[in-house]
Amino acid sequence: MLLIEEALRQVVSSLLVSILYSTAAVGLTLSFNVTKIANFAHAEYLTLGAYLAAVLTLANLDPLLALLFAGGFAGLVALSIDEAFYKPLHRRGARPLQLFVASIGVDLFLRYLISVYADIGDVLFLSSRFAQQPLFYLGHGAFTNLHVISITSFVIFMALLYYMVGKTKIGKAMRAIASNPELAMVSGIPVWKIRRISWVIAGFAAGLAGALWSYYTSINPESGWRMLLWVFSASIIGGFTSIWQTVLGGFIIGYSENMVMWFLNSVFGVDPAYKPLIPYGVIVVTLLIRKPPALLR
């Protein structure tokens with residue numbers, strides 16, 4: 001009986017982190033589809049969203065409004081980074097590998113800026129004012145108000161994204177660019193406008209996930225960077241092109257890292273510190289056995 005109750009606790013906690021991974025990974029997949037950049041700086045959009053949401057809640061702003069502000073701010077940062085760095089490189093003929101390396105540089109640049117701010121403001125380790133309140137229990141697992149906010153935010157975001165990608169001209173243009181950017185451009189699709197919209201949405205998703213993460217636990221300037229492995233793993237499961245497979249990937253990563261490591265720790269005494277082996281293993285296995293889908297879905 002005790003084993004079942006502990007398993008239920010892992011199920012409840014895994015639901016929360018799975019939503020966070022999926023939300024962030026959807027933004028990464030979307031931006032890669034349109035721009036073909038495996039954007040390492042996505043990690044810092046997470047961190048920026050986390051810090052802004054935490055600071056705003058400490059200033060007594062409503063946590064829901066803080067979520068929107070954090071997502072919007074991260075979206076604007078993502079757009080600004082593209083305009084200042086990636087787009088000029090793209091116009092000079094930079095290849096995906098060169099843009100990938102550039103994203104690592106942007107990531108380090110943003111991380112050190114965040115670190116300087118955190119050091120000056122004495123917020124190297126920061127906790128939001130959001131208080132998790134248990135609503136009911138499944139075994140030893142507490143289903144809290146943060147679960148409700150996370151699930152609601154995720155469902156609304158994904159519903160809007162589904163409608164946009166599948167039902168609007170912007171979404172059709174995104175899918176055309178994902179399939180063949182050169183043909184999309186000569187067909188009269190406003191590629192640069194669609195690119196801007198894609199970056200804003202990708203940044204918003206990262207900022208939203210980061211804000212929810214700040215409600216879940218304390219944060220520091222490396223919070224986004226530490227989460228990036230899990231986010232990339234989810235996107236790799238989706239082939240970096242399928243939004244819905246990316247969502248599935250986020251849940252696979254979230255549940256496997258908690259449930260598998262809990263099982264290994266309970267049965268074999270494996271230290272939970274080896275948890276990163278799960279996403280590493282998923283990356284290796286996925287790259288070996290799957291073929292990425294051709295279009296954004």
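**Two pockets and a nonpolar patch**

Let's start on the surface. I4, L8, L135, F136, L138 and V148 make a nonpolar patch of about 500 Å². Two elements, α1 and β1, which spans 134–138, each give two or more residues to this patch. Of the elements, β1 gives the most, with 3 residues.

A word before I go on. This is a predicted model.

Take one residue from the patch: L138. L138 sits in strand β1. Is L138 buried or exposed, or something in between? Its relative accessibility is 38%, so L138 counts as partly exposed. The cut-offs here are under 20% for buried and over 50% for exposed.

Now to the pockets. Rolling a probe the size of a water molecule over the atoms shows where empty space is left.

How much space lies in the largest pocket? The answer is about 450 Å³. Its lining has 23 residues. Nearest the centre of the largest pocket lie Y21, W213, E257, N258 and K275. Which elements supply at least two residues each to that lining? They are α1 (2–35), α8 (191–216), α9 (223–237) and α10 (243–268). And the chemistry? The lining of the largest pocket has 11 nonpolar residues, 8 polar ones and 4 charged ones.

On to the second largest pocket. This one has a volume of about 340 Å³. It is lined by 16 residues. T35, K36, H90, P181 and E182 are the closest to its centre. Here the elements giving two or more residues are α1, α4 (96–120), α7 (181–186) and α8. By class, the lining of the second largest pocket divides into 9 nonpolar, 3 polar and 4 charged residues.

Look at α1 and α8 again. Both supply at least two residues to the lining of the largest pocket. Both also give two or more to the lining of the second largest pocket. And α1 turns up once more, in the nonpolar patch.

One last stop, in helix α8. That is the place of R195. Why does R195 count as buried? Its relative accessibility is 4%, and buried means under 20%. Now find N33 on your screen. How far apart are R195 and N33? In sequence, 162 residues separate them. In space, the distance is 9.9 Å, C-alpha to C-alpha.

To recap: the patch is about 500 Å², the largest pocket holds about 450 Å³, and the second largest has about 340 Å³. In β1, L138 is partly exposed. In α8, R195 is buried. Thank you.

Methods
Residues are numbered from 1 along each chain as its sequence is written. This is a predicted model: local features need pLDDT of at least 70, side-chain atom pairs count only at pLDDT 80 or more; totals for chains, interfaces and linings use all residues. Side-chain values use heavy atoms; hydrogens and water are left out. On a 1 Å grid over the protein atoms alone, a cavity is a set of points where a 1.4 Å probe fits but cannot get out, and a pocket is an open set with protein on both sides within 12 Å along at least five of seven lines; lining residues have an atom within 4 Å of a point. Grid points are joined across faces, edges and corners, and a volume is the space filled by probe spheres set on the points. Helices (H or I, at least four residues) and strands (E, at least two) are DSSP runs, numbered from the N terminus. Ala, Val, Leu, Ile, Met, Phe, Trp, Tyr, Cys and Pro count as nonpolar, Asp, Glu, Lys and Arg as charged, and the others, Gly among them, as polar. Patches are made of residues with over 30% relative accessible area and no salt bridge: like charges are joined within 9 Å, nonpolar side chains (Val, Leu, Ile, Met, Phe, Trp, Tyr) within 5 Å. Accessible areas come from the Shrake-Rupley method with a 1.4 Å probe; for residues, only the protein chains shown count as cover. A salt bridge is a side-chain nitrogen of Lys or Arg within 4 Å of a carboxyl oxygen of Asp or Glu. Buried means under 20% relative accessible area, exposed over 50%, partly exposed in between (1.4 Å probe, protein chains only).
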